[in-house]
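Subject: A structure for you to look at

Hi,

Here is the structure I said I would pass on. Have it open while you read, and follow along with my notes below.

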Amino acid sequence: MTVPPFEYLEDDERHLYQQVADHVQARIEAGELRPGARLPNERGMCDEYGISIGTTRRAVALLRERGLVRTIPIKGTFVSR
């Protein structure tokens with residue numbers, strides 16, 4: 001299954017960072033991002049999703065809270081096993 005590209009929905013009640021986190025979660029669940037896969041760095045996510053650093057950090061923090069990713073200082077953020 002392929003997840004469609006991210007599209008910001010202004011009329012959605014979720015915040016932008018929640019929409020981004022949900023999109024990344026859908027990619028993980030669809031197998032596009034497999035366990036152990038490294039997520040793009042903050043700048044890469046900013047470019048990929050067209051969002052700010054702050055929004056990126058909040059989205060990644062939410063993914064960590066959900067147990068979907070883990071961040072290793074200096075190395076990056078990886079999909080949990």
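In helix 3, the buried residues are Ile53, Thr55, Thr56, Ala59, Val60, Leu62 and Leu63. Bear in mind that this is a predicted model. Those buried residues pack against helix 1, helix 2, strand 1 and strand 2. Helix 3 itself covers residues 53–65. With 13 residues, helix 3 reaches 18 Å from its first C-alpha to its last, close to the 18 Å expected at 1.5 Å a residue. Just past the end of helix 3 you'll find glycine 67, which has a positive phi of about 80 degrees.

Have a look at threonine 56 while you're there. Is threonine 56 buried or exposed? Its relative accessibility is 1%, and buried means under 20%, so threonine 56 counts as buried. If you skip its neighbours within four places in sequence, threonine 56 is in contact with Glu42, Met45, Cys46 and Ile51.

Some of those partners belong to the contact between helix 2 and helix 3. The axes of these two helices come within 9 Å and cross at roughly 105 degrees. Angles from 65 to 115 degrees count as roughly perpendicular, so that is how helix 2 and helix 3 sit relative to each other. On the helix 2 side, the contact is made by Glu42, Arg43, Met45 and Cys46, and on the helix 3 side by Ile53, Thr56, Arg57 and Val60. Sorted by class, this contact of helix 2 with helix 3 has four nonpolar, one polar and three charged residues.

Now for helix 1, which runs over residues 16–29. How far apart should its ends be? At 1.5 Å a residue, the 14 residues of helix 1 should span 20 Å, and its end C-alpha atoms are indeed 20 Å apart. The buried residues here are Tyr17, Gln19, Val20, Ala21, His23, Val24, Gln25, Arg27 and Ile28. What covers them includes helix 2, helix 3, strand 1 (69–72) and strand 2 (76–79). After helix 1 comes glycine 31, with a positive phi near 90 degrees.

How do helix 1 and helix 3 pack? Their angle is about 50 degrees, with the axes 8 Å apart. That makes helix 1 and helix 3 oblique to each other, and their crossing is right-handed. From helix 1, the residues involved are Leu16, Tyr17, Gln18, Val20, Ala21, Val24 and Gln25, and they meet Thr55, Arg58, Ala59, Leu62 and Leu63 in helix 3. The residues of this contact of helix 1 with helix 3 divide into eight nonpolar, three polar and one charged.

Helix 1 also packs with helix 2 (residues 42–49), at an angle of about 95 degrees and with the axes 12 Å apart. So helix 1 is roughly perpendicular to helix 2. Here Val20, His23, Val24 and Arg27 of helix 1 meet Met45, Glu48 and Tyr49 of helix 2. By class, the contact of helix 1 with helix 2 has four nonpolar, one polar and two charged residues.

One residue of helix 1 to click on is leucine 16. Leucine 16 counts as partly exposed, because its relative accessibility is 27%. Its C-alpha atom is separated by 9.5 Å from that of arginine 58, though the two residues are 42 apart along the chain. Leaving out neighbours within four places in sequence, leucine 16 is in contact with Phe6, Tyr8, Ile51 and Thr55.

Then there are the strands. Phenylalanine 78 is in strand 2, and with a relative accessible area of 16% it is buried. Not counting residues up to four places away in sequence, phenylalanine 78 touches Gly36, Ala37, Arg38, Leu68, Val69, Arg70 and Ile72. The C-alpha atoms of phenylalanine 78 and proline 35 are 7.5 Å apart, with their positions 43 residues apart along the chain.

Last stop: the loop between strand 1 and strand 2, where you'll find isoleucine 74. Its relative accessible area is 91%, so isoleucine 74 is exposed. What is the sign of phi in isoleucine 74? Phi is positive, near 75 degrees, in a residue other than glycine. For background, most residues other than glycine have a negative phi.

Cheers

Methods:
Residues numbered from 1 in each chain as written. Predicted model: local features only at pLDDT ≥ 70, side-chain atom pairs only at ≥ 80, totals over all residues. Heavy atoms only, no water. Helix = DSSP H or I, 4+ residues; strand = E, 2+ residues; numbered from the N terminus. Buried < 20%, exposed > 50% of the residue type's maximum accessible area, 1.4 Å probe, protein only. Contact = heavy atoms within 4.5 Å. Axes fitted to C-alpha atoms, helices over the stretch in contact; angles between N-to-C directions. Parallel < 35°, antiparallel > 145°, perpendicular 65-115°, else oblique. Left-handed = near helix turned anticlockwise from the far one by under 90°. Nonpolar A, V, L, I, M, F, W, Y, C, P; charged D, E, K, R; others polar. Expected span 1.5 Å × (residues − 1).
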